[in-house]
Amino acid sequence: MALLEVGDLRVEFRTARGRVRAVDGVSFQLDRGEALAVVGESGSGKTALALAILRLLPEPPARVTGGTVLLEGRDLLELYPEEMLPVRGRRIAMVFQEPATALNPVLTIGEQVAEAVRLHRTRRAVRPLVLEALAQAGIPDPERRLGQYPHQLSGGLRQRVVVAMALACGPEILIADEPTTALDVTVQARLLDLLTFLRARLGLALLLITHDLGVVARTADRVAVMYAGKLVETSPVRPLFAQPAHPYSLGLLEASRLATTPQGDLATVAGSPPDLTDPPPGCPFEPRCPRAGRRCREEPLPSLLLGGGRAVACHRPLVGP
Amino acid sequence: MTVLAGEGLVKVYGRGRPALDGVSLAWGERETVAVVGESGCGKTTLARVLSGLLRPTEGRVLLDGEDVWAAGARVRRRLPRIVQIVFQDPSSALDPRQSVWAAVEEPLRLHHLGSATERRREVAELLEMVGLGPAEARRLPHQLSGGQRQRVLLARALALRPRLLILDEPVSALDVSVRAQVLNLLARVRRELGLGCLLISHDLAVVRHLAGRVVVMHAGRLVEEGPAELVWRRPAHPYTADLLAAHLVPDPARRPPPPDRPPAEPGGLGLDDRSAGCSYARACPRPTRTCLRRRPPLVAAEGRLCLCHRPDF
């Protein structure tokens, strides 16, 4: 049994302009110790997906309208709110983007990490656990950091504190939502390597939410490409980069590599993402897709298994089954 | 022929450490120079000083050889007609109550250029140049996508037909698929109008695509300058080498082996505790005692500059 299994998950947001289908029938598995990256652009629904798994979506305006989130077979969506408390932090922890806003500016580092621990452990055990968590997150001289405030730390160290808080209770799954987006390149590379190290050391499963295929290439075992609330392709990392099956995956890959066309221009994905209040009946990528045909416009998306652990939601994939 | 140059530029905000600490840079007609560096390195301050928006604490900004701040208001008023800046974050750089049309027309009105009819024709032409139609012209910023907003900012900057364009992180706020569209637009506009560009970016892929010459900054200082290809292939400054090594390539085959120790985040490497010596000495893989004590010299070799006691030419 997979550690985490998400099945046909659907999330809607109610807005003034109507219902937005932010997550539209997403299914995937996460095994113990595995790193899965969900890659997508802004508005693709990747953050809503992460928050829905932890039941942290603001309801309203959001609403989970269907599907399952099975943690070792138990559906988290069926739990009472208080039954979620021992799940968050101890089983599944989250690292948010923007360490500057994820930390409380008026509490010391020690107090904030202790808060995460205290919810789950007895009072006496707190201090050593806090120090261990800070050390584990690669923060040098943790004793000295305990009494410092977030503004006294660099952005890189602040993100390490957020990681320490997430690790403090020994979770099995870490969900990291754009953990390095606000960071400088050298700091970013070190943080990704830390996550890779911790995964091997602690047997942690990582669900990495990102828009950056460079981050995916450095960190993930498997990748799920998200577009307009749907997973359009899931694949082990290497085959996806070598030979993407979905035209959107190819477009994203070319754009992030700054690949040039024969005319010397950069390859682009034409147009912009669809309006999710009124999604087209067929493939959401059809209006931008260079390979689109009549079927793509009218028929619902198929899910094709390609072998080798790959799946693609496309009428005319670039790689055959 | 040098159009715009900075000589020994220093900028100090309040009583803090200099944001810009003795930077010299010359910029020729039709040349594209990239400034790379991480947050706090002074690259945005450099852009603002060179565009005449900020007065340097020390040093000179030279426009066609004339000191902009010594020559008086007449020369400074000419500066926006020659140097224009496209700010980062297109969502905050536009007035939320101003339509696209008004935003692009504003610089023409402020500089009393053309009659109303001529301005109308000019704005239509500018919008067409950046790929925006009459439908978008009536919209307000919140009704536009990030890529469209960036196009509006570009049209506005081009309105005065400048010779040099400063682009401060022009695509960092954009999605990957839109980024390529805007980069293509920038390349086309630059070619068609014969513009010079100063590209400020932390994204090495973007820099490599657009710029012929590159300037690397660290802690307010210029640490390396040279032809982009050469700097890329054989970085002379250890900081440049570290920056290149940290660049995430979208290719899993080039993934480094997993670390066997937790990579620590160097603490206190912030900008506040700089020693008298090299700003990179504490993070440098091969520092000497001299590096910690004495400010490094600017060494020139092979058409390159490197601020280092032990440059790796």
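In this predicted model, a good place to start is where two helices from separate chains touch: Leu252(A), Ala255(A) and Ser256(A) in α11(A) meet Val176(B), Ser177(B), Arg179(B) and Ala180(B) in α8(B). Sorted by character, the residues of this contact are four nonpolar, two polar and one charged.

Now step back to see how the two helices lie. Helix α11 of chain A covers residues 247-257, and helix α8 of chain B covers residues 176-193. Their axes are 8 Å apart and the packing angle is about 50°. Because of that angle, α11(A) is oblique to α8(B); angles of 65 to 115 degrees would count as roughly perpendicular, and those under 35 as roughly parallel. The crossing of α11(A) past α8(B) is left-handed.

Staying in chain A, let's turn to helix α1, residues 46-53. This helix is mostly covered, with seven of its eight residues buried. Those buried residues are Lys46(A), Ala48(A), Leu49(A), Ala50(A), Leu51(A), Ala52(A) and Ile53(A). If you follow the chain onwards, α1(A) is followed by Arg55(A), and the phi of Arg55(A) is positive, near 55°.

Our last stop is in chain B, at Gly65(B), which sits in the loop between β4 (58-63) and β5 (66-67). Is Gly65(B) buried or exposed? Its relative accessibility is 62%, so Gly65(B) counts as exposed, the cut-off being over 50%. From here you can also look across to Pro134(B): the two residues are 69 apart in sequence, and their C-alpha atoms are 41 Å apart in space.

Key:
Residues numbered from 1 in each chain as written. Chains lettered and ligands numbered in written order. Predicted model: local features only at pLDDT ≥ 70, side-chain atom pairs only at ≥ 80, totals over all residues. Heavy atoms only, no water. Axes fitted to C-alpha atoms, helices over the stretch in contact; angles between N-to-C directions. Helix = DSSP H or I, 4+ residues; strand = E, 2+ residues; numbered from the N terminus. Parallel < 35°, antiparallel > 145°, perpendicular 65-115°, else oblique. Left-handed = near helix turned anticlockwise from the far one by under 90°. Contact = heavy atoms within 4.5 Å. Nonpolar A, V, L, I, M, F, W, Y, C, P; charged D, E, K, R; others polar. Buried < 20%, exposed > 50% of the residue type's maximum accessible area, 1.4 Å probe, protein only.
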